[in-house]
Amino acid sequence: MSIWLFLLAVRVVALLAQSAQPSQPPTPRVPTRADILRGEYGPYRANNDLLFYHLDVRVDPEQKYLSGKNTIRFKMLQDATRIQLDLHAALNVDRILLGDIPLKYERDSGAVFVDFPEALRAGRTYSIDFHYSGNPVETGRFGAITFKKDSSGHPWINTACEGIGASVWWPNKDQWRDEVDSMELSVSIPNDLVDVSNGKFIGKTDLGDGYTRWDWLVQYPINNYDVSLNIGNYQHWADHLGDLPLDFYALPENLDKAKKQFAQAKGMLEAYQHYFGEYPFQKDGYKLIEAPYSGMEHQTAVTYGNHFTNGYLGRDWTGVGISPRFDFIIIHESGHEWFGNSVSAADVSDMWIHEGWTTYLECLYVEYMYGHDDGLKYTNAYKSKVRNQQPIISPRGINREPPQDQYFKGALFLNTLRSIVNDDARWWTLIHDFYQHFKYRNIMTEDVVAFFNQQTGMNLTPVFDQYLRHTALPELELKWNEAEGAVSYRWKVDEPAFRMPVRAGMRNHWQTLQPTVEWQTLKTPLKKGEFEVATDLYYVTVNKL
Ligand SMILES: [Zn+2]
């Protein structure tokens, strides 16, 4: 997702800092019952495996009203008479059917517990039709679902519901661990409008009542929050990159600007394909769609609201003169096609797998386009945005989004990991294979760590843990004995088994130290003031005692 919310949070923290008190980490909020129902992979979720959704929804722009059904196909993993689905309390459950049989259900905040008259059997596949209707609430970061008008007065309706959850506008199993394998979307809208949703455009059908149904087919697993409506007076143009279809949509008044700006999509795709392999959703194609908020990674239907200008909302986002060379939203949100949409986290707690990796993909884009030194400069510029106040991994099972450090500290950590590997050819193979190994899967940090441990033969667990599960950066303590021409060094860290090499000494003639938490000594002719540490390669603090 975009960092709009986090910019706001940064401003709040800055304001707090101005009030002369050192800014304190926010006090953790006690999870509510609703947080647990939404965030936990509870027994009525774990007893089944999603296979397929067909969301068939009619959208009335004037009444801001939705009505329709989601056909949900799933396989039971154990015998049970109850499953958990989710639908925001503002929307009505009209009926839930198993074939012709109406099912009983019980609502509890956003959860809908569906009860079956007889036990569903492990290993068997079932399909239910969940009919719903109502006026969804506009809430959360980007409004979740917004009913706006464009400057010429046409309805402009968009969804962006990460965080609050897709169940704010349609019924589904609203969690991160389990995804459908494929999905159909049928979106009925007034005849003069266009709907752009995820996947491949199948066709449109005039319903004869002033509405037209637009059908889309998603041929890959998809996150619930990626499922998207973009309804408006869109103009469409098409292009391709090799065999990959590229489709672009913008409002008529922005068409010329959009055609110029969206041309950056090709370079972005080439860069990421270079590092990670083929675009993840080849059969569904890549789409970039104008939207009224900054942007979102909706799978194969990336939304864009960055004012058709480079940088982020017109600014030099990282402040070192590199961001103005490219459109931050195109490069960041599209990077999520690889990390977030293809490789996905199985719990919001581990969202750095989306955001830390995608921020690192920006750094790789810069390296691919402008070379190693600019890549490193761009990466290190993110240090100014890191807070080190809360761990990157947040508590599990309560739908609690991690702090903004998941983006910037996440990327700086991955750059550090590259320096630990200390062999770029090997690093490129590692990250390529990491993506290929986990594509289309939902994973946790433990899976990431196990992969890197296994592939490198190192025990990187304490390193991952220090950066992701603690707040403080590793601190390299250096203590001089200039009379003896020696320096002692050790890591000051939370993880007792932490060991990480670091390059130090004289720039361009680095020596690699192998510090642990125990003091070691190095002979050096360098005085305290001359001795440097390669902090652009390793994200650490240095304390010269
Ligand atoms: Zn993002």
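This is a short talk on one predicted protein model, going through its confidence, strands, a helix, two odd loop residues and its empty spaces.

Okay, hi everyone. Let's start with how far we can trust the thing, since what we have is a predicted model. The average pLDDT over the chain is 95, and 95% of the residues score at least 70. Now, there's one stretch to keep an eye on: across residues 5–22 the pLDDT drops below 50. In the model that stretch has 16 contacts beyond near neighbours in sequence.

Right, on to strands. A quick reminder for anyone new: strands of a sheet pair through backbone hydrogen bonds, and they can do that in parallel or antiparallel fashion.

Find strand β8 first, residues 125–134. Is β8 largely enclosed or largely open? Seven of its ten residues are buried, so β8 is largely enclosed by the rest of the structure. Have a look at its partners, too. Strand β2, residues 65–76, runs antiparallel to β8, and ten bridges join the two. If you want a spot to zoom in on, Lys-69 stands opposite His-131 in β8. Then there's strand β4, residues 92–98, which also pairs with β8 in the antiparallel sense, over five bridges. There, Val-93 has Tyr-132 of β8 as its bridge partner.

Next up is strand β17, residues 244–250. This one is mostly covered, with six of its seven residues buried. Which strand makes a hairpin with β17? That's β16, and two residues sit between the two strands. One residue in that turn, Gly-242, has a positive phi of about 60°. The pairing of β16, residues 235–241, with β17 is antiparallel and takes in seven bridges. Leu-241 stands opposite Leu-244 in β17, so to speak leucine facing leucine.

But β17 has another partner as well. Strand β18, residues 286–290, runs parallel to β17, and four bridges join them. Here you can look for Tyr-249, which stands opposite Ile-289 in β18.

Let's jump further along the chain to a little open sheet. How many strands form it? Three, in the order β26-β25-β28, with antiparallel pairing. The edges are β26, at 509–513, and β28, at 532–533, and each of those pairs on one side only. Between β25, residues 502–506, and β26 there are five bridges. Ala-504 stands opposite Gln-511 in β26, if you'd like to check that on the screen.

Okay, a helix for a change. Helix α8 covers residues 372–381, and seven of its ten residues are buried. Those buried residues include Asp-374, Leu-376, Tyr-378 and Asn-380. What covers the buried residues of α8? The covering includes three other helices: α6 (328–335), α7 (352–370) and α9 (405–421).

Now for two residues with a slightly unusual backbone angle. Ser-109 isn't a glycine, yet its phi is positive, about 45°. You'll find Ser-109 in the loop between β6 (104–108) and β7 (111–120). Its relative accessibility is 37%, so Ser-109 counts as partly exposed. The other one is Phe-308, also not a glycine, with a positive phi near 55°. Phe-308 lies in the loop between β20 (302–304) and α6. Is Phe-308 buried or exposed? At 13% relative accessibility, Phe-308 counts as buried.

Last topic: empty space. The idea is that rolling a probe the size of a water molecule over the atoms shows where empty space is left. Searching the whole structure turns up one cavity of 30 Å³ or more. The largest cavity holds about 110 Å³ of space. It is lined by 18 residues, and those closest to its centre are Asp-174, Gln-175, Trp-176, Asn-224 and Tyr-225. Sorted by class, the lining of that cavity has five nonpolar, seven polar and six charged residues.

And then the second largest pocket, with about 300 Å³ of space. Here 16 residues do the lining, and the closest to the centre are Ala-34, Asp-35, Arg-38, Ile-164 and Asn-399. Which element gives the largest share of the lining of this pocket? That's helix α2, residues 33–39, with four residues. By class, the lining of the second largest pocket splits into six nonpolar, six polar and four charged residues.

That's it from me, thanks for listening!

Definitions and conventions. Residues are numbered from 1 along each chain as its sequence is written. This is a predicted model: local features need pLDDT of at least 70, side-chain atom pairs count only at pLDDT 80 or more; totals for chains, interfaces and linings use all residues. Side-chain values use heavy atoms; hydrogens and water are left out. On a 1 Å grid over the protein atoms alone, a cavity is a set of points where a 1.4 Å probe fits but cannot get out, and a pocket is an open set with protein on both sides within 12 Å along at least five of seven lines; lining residues have an atom within 4 Å of a point. Grid points are joined across faces, edges and corners, and a volume is the space filled by probe spheres set on the points. Ala, Val, Leu, Ile, Met, Phe, Trp, Tyr, Cys and Pro count as nonpolar, Asp, Glu, Lys and Arg as charged, and the others, Gly among them, as polar. Buried means under 20% relative accessible area, exposed over 50%, partly exposed in between (1.4 Å probe, protein chains only). Two strands pair if DSSP finds at least two bridges between them. pLDDT is the predictor's confidence in each residue, from 0 to 100. Contact means heavy atoms within 4.5 Å.
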